[in-house]
Amino acid sequence: VTIEPSVLSADDHAPTREMIRRVMEEDGFRVSAEVEDAGEAIRAARVTAPDLAILDIRMPGNGLHACEVIRTECPEACVVMLTISENAADVLASVSAGASGYWLKGEDPVLIPQVSRRVLAGELIIAGPLLRILVMAWGVRDLRQRLREYLPQGVSISPKEYEVIELMCEGLTTAEIGRRLFVADVTART
């Protein structure tokens, strides 16, 4: 018997919640709660103990606050921030609050379940366009040490993943990175 991972969806935009429900349920997730603000998200997490919370960073009541409280009170729950913000400070604040994923609303929504499964498997996922912005904001020097400081407890980055990040900082495309590291383009992208 396969157990469907449960999902809490919190966004003040009803069409976004509907889209999350549709793509998640089509991929075998069970949406246990849909709410409009941070306070409701915290209350719903306490009641439903979701496996995953997908939170809007800018929803009323502060999505970052909801992330911190949910991660504290439901430590088994993973959090993905779903947002329009491409601000490096928001990415850092989200990871610091306990989020394991930061995904842009402008990305293809059918990727949200894939991102969610990777987060549930223990990966830290940041939308591709943001990774370069984030790394450039940190500066390439001491990249590995800086990344370790911001990773949630129990999450690690492999030496090969560090190489990929460093090459992204140099402005290489995933195809170029794949050729340089002798891996498939899709492997470098992942």
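Phe182 counts as exposed, at 76% relative accessibility. In this predicted model, Phe182 lies in the loop between helix H9 (174–181) and helix H10 (185–189). Its phi is positive, about 60 degrees, although Phe182 is not a glycine. Most residues other than glycine have a negative phi. Ala49 is another non-glycine residue with a positive phi, of about 45 degrees. Ala49 sits in the loop between helix H2 (38–48) and strand S3 (52–55). A glycine appears here too: Gly171 follows H8 and has a positive phi, near 90 degrees.

**The whole protein**

How many helices and strands does the protein have? There are 10 helices and six strands. The radius of gyration is 16 Å, close to the 16 Å that the globule rule gives for 190 residues, so the protein is as compact as a globular protein of that length. The C-alpha trace spans about 45 × 30 × 30 Å along its principal axes.

Of the 190 residues, 47% count as buried. The protein exposes about 9600 Å², and carbon and sulfur atoms supply 51% of that area. Now take the contacts between residues at least 6 apart in sequence. Among them, 59% join residues at least 24 apart. The protein carries 20 positive and 29 negative charges, and the mean positions of the two sets are 5 Å apart.

**The core**

The largest nonpolar core has 62 residues. Which of them touch the most other members? They are Leu8, Met24, Ala41, Leu55, Ile70 and Met81. Helix H8 (residues 159–169) gives this core its largest share, six residues. The buried residues of H8 are Tyr162, Val164, Ile165, Leu167, Met168 and Cys169.

Met81 shows what such a position looks like. Leave out residues up to four places away in sequence. Met81 then touches Leu55, Asp56, Ile57, Gly63, Leu64, Cys67, Ser94, Ala99, Gly101, Tyr102 and Trp103. One name in that list, Leu55, is also among the core residues that touch the most other members.

**Five residues compared**

The table sets out the accessibility of five residues from helices and loops.

| Residue | Place | Relative accessible area | Class |
|---|---|---|---|
| Gly63 | helix H3 (residues 63–73) | 0% | buried |
| Thr16 | helix H1 (residues 14–26) | 9% | buried |
| Ala88 | helix H4 (residues 88–97) | 13% | buried |
| Leu131 | helix H6 (residues 128–138) | 17% | buried |
| Asp37 | loop between strand S2 (30–35) and H2 | 22% | partly exposed |

Why does Leu131 count as buried? Its relative accessibility is 17%, and buried means under 20%. Asp37, at 22%, counts as partly exposed, because that class runs between 20% and 50%.

**Contacts and distances**

Start with Gly63. Beyond residues up to four places away in sequence, Gly63 touches Leu55, Asp56, Ile57 and Met81. Gly63 and Ala93 are 30 residues apart in sequence, and their C-alpha atoms are 11 Å apart in space.

Next comes Thr16. Neighbours within four places aside, Thr16 is in contact with Asp11, Leu82 and Lys105. The C-alpha atoms of Thr16 and Leu131 are separated by 23 Å, with the two residues 115 apart along the chain.

Leu131 has its own set of partners. Not counting residues up to four places away in sequence, Leu131 touches Ile126, Ile165 and Met168. Ile165 and Met168 are among the buried residues of H8. Contacts thus link Leu131 of helix H6 to helix H8.

Where does Asp37 make contact, once neighbours within four places in sequence are left aside? Asp37 is in contact with Met59 and Pro60. Asp37 and Leu52 lie 15 residues apart in sequence and 16 Å apart in space, C-alpha to C-alpha.

The last pair joins a helix residue to the glycine after H8. Ala88 and Gly171 are 83 residues apart along the chain, and their C-alpha atoms are separated by 17 Å.

Methods:
Residues are numbered from 1 along each chain as its sequence is written. This is a predicted model: local features need pLDDT of at least 70, side-chain atom pairs count only at pLDDT 80 or more; totals for chains, interfaces and linings use all residues. Side-chain values use heavy atoms; hydrogens and water are left out. A nonpolar core is a set of buried Ala, Val, Leu, Ile, Met, Phe, Trp, Tyr and Cys residues joined through side-chain atoms within 4.5 Å. Buried means under 20% relative accessible area, exposed over 50%, partly exposed in between (1.4 Å probe, protein chains only). Helices (H or I, at least four residues) and strands (E, at least two) are DSSP runs, numbered from the N terminus. Contact means heavy atoms within 4.5 Å. The radius of gyration is taken over C-alpha atoms; the globule rule is 2.2 Å times the number of residues to the power 0.38. Accessible areas come from the Shrake-Rupley method with a 1.4 Å probe; for residues, only the protein chains shown count as cover. Lys and Arg count as positive and Asp and Glu as negative; His and the chain ends are not counted. The place of a charge is taken as NZ of Lys, CZ of Arg, CG of Asp or CD of Glu.
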